[in-house]
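Reader: I have not looked at this structure before, and I would like to learn how to read it one feature at a time. Could you take me through it slowly?

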Amino acid sequence: MSAAGMHRVLVTGAAGAIGRVLRDGLAGRYGVLRLSDRVELGRLRPGEEHVRAELGQFDEVVQATRDCDAVVHLGGIPEEAAWEDIHAANLLGTYHLYEAARINGVRRVVFASSNHVVGFYRRTRKVDHRAPMRPDTRYGLSKACGEMIARFYADKFGLQSVCLRIGSFRPQPLDARMLSTWISPRDTVQLVARALEAPGLHYEVVYGVSGNDRGWWLNPAADRIGFRPEDNAEAFAAEFDRHRPAAGDVGELFHGGHFCSQEFAGDPGRVD
Ligand code: 15L
């Protein structure tokens with residue numbers, strides 16, 4: 001049995017933290033889970049196959065996407081880095097992925113975007129997926145471009161896409177900010193499964209966040225794809241409630257936290 005008729009699903013960046021959790025959480029759900037990464041993946045389990053692919057090498061990405069019904073695109077650099085590296089792995093890599101998916105007739109791509117697409121919103125403000133993008137890093141900028149690539153391929157070629165603006169994926173919240181941004185491993189597995197299987201969609205942007213009482217993101221598309229988080233960072237609030245923000249720390253003002261304060265040389269009063 002393959003959920004939603006998915007006989008082969010490719011996961012790029014499968015050796016990373018989210019990829020490892022998906023291997024467990026999605027095991028046996030689809031015919032074959034094809035895993036790709038530039039690094040070793042460890043021993044394969046029944047129902048898994050491995051294709052080594054460098055996202056910067058178009059031919060390799062074409063090979064990796066061949067015969068796949070859907071792709072979960074986690075590959076790339078997951079944090080701030082030099083522009084040349086972000087450009088190669090995240091921008092060119094995501095373009096290669098979508099173009100290869102189109103050529104191979106893949107039906108749907110689930111793109112791991114990031115909350116850092118909207119990092120420069122103030123914490124006093126809640127935003128939904130329609131709020132104008134305000135990337136906080138070159139990394140966030142690359143994810144904003146990735147969402148545009150996804151939109152282009154959906155509108156132009158009918159390649160369905162779900163962009164997941166993932167918050168803080170961790171076993172549990174690690175600081176006061178994560179009481180708002182945390183997504184648990186089990187909610188992540190549910191989110192990706194819903195994004196792969198929800199019927200009749202064209203293009204959606206969904207915040208990847210647990211049902212946190214202190215959340216900053218309004219998430220109507222979560223309902224549309226049937227994502228119902230089971231976890232809530234509030235269960236860990238007591239550990240962080242004594243936290244007092246450091247005076248003058250720009251990162252404490254905005255959703256993106258320290259991604260905003262890195263290299264910051266602007267006037268926070270004008271970033272409203
Ligand atoms: C991200 O996009 C990063 O990949 C991750 O490492 C976390 O830092 C997360 O955002 C976050 O905002 O906490």
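Author: What follows goes through the sheet, the helices, and then the salt bridges. Please keep in mind throughout that this is a predicted model.

Reader: Let me begin with the sheet, then: how many strands form it, and in what order do they lie?

Author: A sheet is read by listing its strands as they lie side by side, which need not follow their numbering. Here seven strands form an open sheet in the order E3-E2-E1-E4-E5-E6-E9, and the pairing is parallel. From one strand to the next, the twist averages 20°.

Reader: Which strands stand at the edges of the sheet, and what does that leave on one side of each?

Author: An edge strand is recognised by counting its partners. E3 and strand E9 (203-208) each have a single partner strand, so one side of each is left without a neighbour in the sheet.

Reader: How many bridges join the strands further in, for example E5 to E6?

Author: Bridges are counted pair by pair, and individual residues can then be matched across the two strands. Seven bridges join strand E5 (residues 108-114) to E6, the two running parallel, and Ser-113 has Arg-165 in E6 as its bridge partner. E4 and E5 also pair in the parallel sense, over four bridges, with Val-110 in E5 as the bridge partner of Val-72. Strand E1 (residues 8-12) is joined to E2 by five bridges, again in parallel, and there Leu-10 stands opposite Arg-34 in E2.

Reader: Are the residues of E5 buried or exposed?

Author: To judge this, one looks at each residue's relative accessible area, where a value under 20% counts as buried. Seven of the seven residues of E5 are buried, so this strand is largely enclosed by the rest of the structure. Arg-108, Val-110, Ala-112 and Ser-114 point one way from E5, while Val-109, Phe-111 and Ser-113 point the other way, and all are buried. In strand E6 (residues 160-166), six of the seven residues are buried, so E6 is likewise largely enclosed by the rest of the structure.

Reader: Which strands does helix H3 lie across, and which does H6 lie across?

Author: For a helix on a sheet, one asks which strands lie under it and at what angle it runs to a chosen strand. Helix H3 (residues 83-103) lies across E1, strand E4 (70-73), E5 and E6, at about 165° to E5. H6 lies across E1, E4, E5, E6 and E9, and runs at about 140° to E5.

Reader: How do two helices cross, taking H1 and H6 as the case?

Author: Here one reads the approach of the two axes together with the angle between them. The axes of helix H1 (residues 17-25) and helix H6 (residues 185-197) come within 10 Å and cross at roughly 70°, and the two helices are therefore roughly perpendicular to each other. The contact is made by Ile-18, Val-21, Leu-22 and Gly-25 of H1 and by Pro-185, Thr-188, Val-189 and Val-192 of H6. By character, the residues of this contact divide into six nonpolar, two polar and no charged.

Reader: Now for charged side chains: how many salt bridges are found in the whole structure?

Author: Side chains of opposite charge can pair when their charged atoms come close. A search of the whole structure finds 20 salt bridges. In one of them, the side chains of Arg-23 and Glu-48 meet at 2.7 Å, N to O; this pair links distant parts of the chain, with Arg-23 in helix H1 and Glu-48 in strand E3 (residues 48-50), 25 residues apart. Arg-23 is buried, with a relative accessible area of 6%, and Glu-48 is buried too, at 13%.

Reader: Where do the partners lie in the salt bridge between Glu-197 and Arg-29?

Author: One looks at the position of each partner along the chain as well as at its accessibility. The side chains of Glu-197 and Arg-29 meet at 2.6 Å, N to O, with Glu-197 in helix H6 and Arg-29 in the loop between H1 and strand E2 (32-36), 168 residues apart. Glu-197 counts as buried at 17% relative accessibility, whereas Arg-29 is partly exposed at 30%. Asp-128 forms a salt bridge with Arg-130, and in that pair Asp-128 is buried at 14% while Arg-130 is exposed at 62%. Salt bridges can also join into a network, as they do for Arg-8, Arg-34 and Glu-49.

How values were computed. Residues are numbered from 1 along each chain as its sequence is written. This is a predicted model: local features need pLDDT of at least 70, side-chain atom pairs count only at pLDDT 80 or more; totals for chains, interfaces and linings use all residues. Side-chain values use heavy atoms; hydrogens and water are left out. Axes are lines fitted to C-alpha atoms, for helices over the stretch in contact, and angles run from 0 to 180 degrees between N-to-C directions. Angles under 35 degrees count as roughly parallel, over 145 as roughly antiparallel, 65 to 115 as roughly perpendicular and the rest as oblique. Contact means heavy atoms within 4.5 Å. Ala, Val, Leu, Ile, Met, Phe, Trp, Tyr, Cys and Pro count as nonpolar, Asp, Glu, Lys and Arg as charged, and the others, Gly among them, as polar. A salt bridge is a side-chain nitrogen of Lys or Arg within 4 Å of a carboxyl oxygen of Asp or Glu. Buried means under 20% relative accessible area, exposed over 50%, partly exposed in between (1.4 Å probe, protein chains only). Two strands pair if DSSP finds at least two bridges between them.
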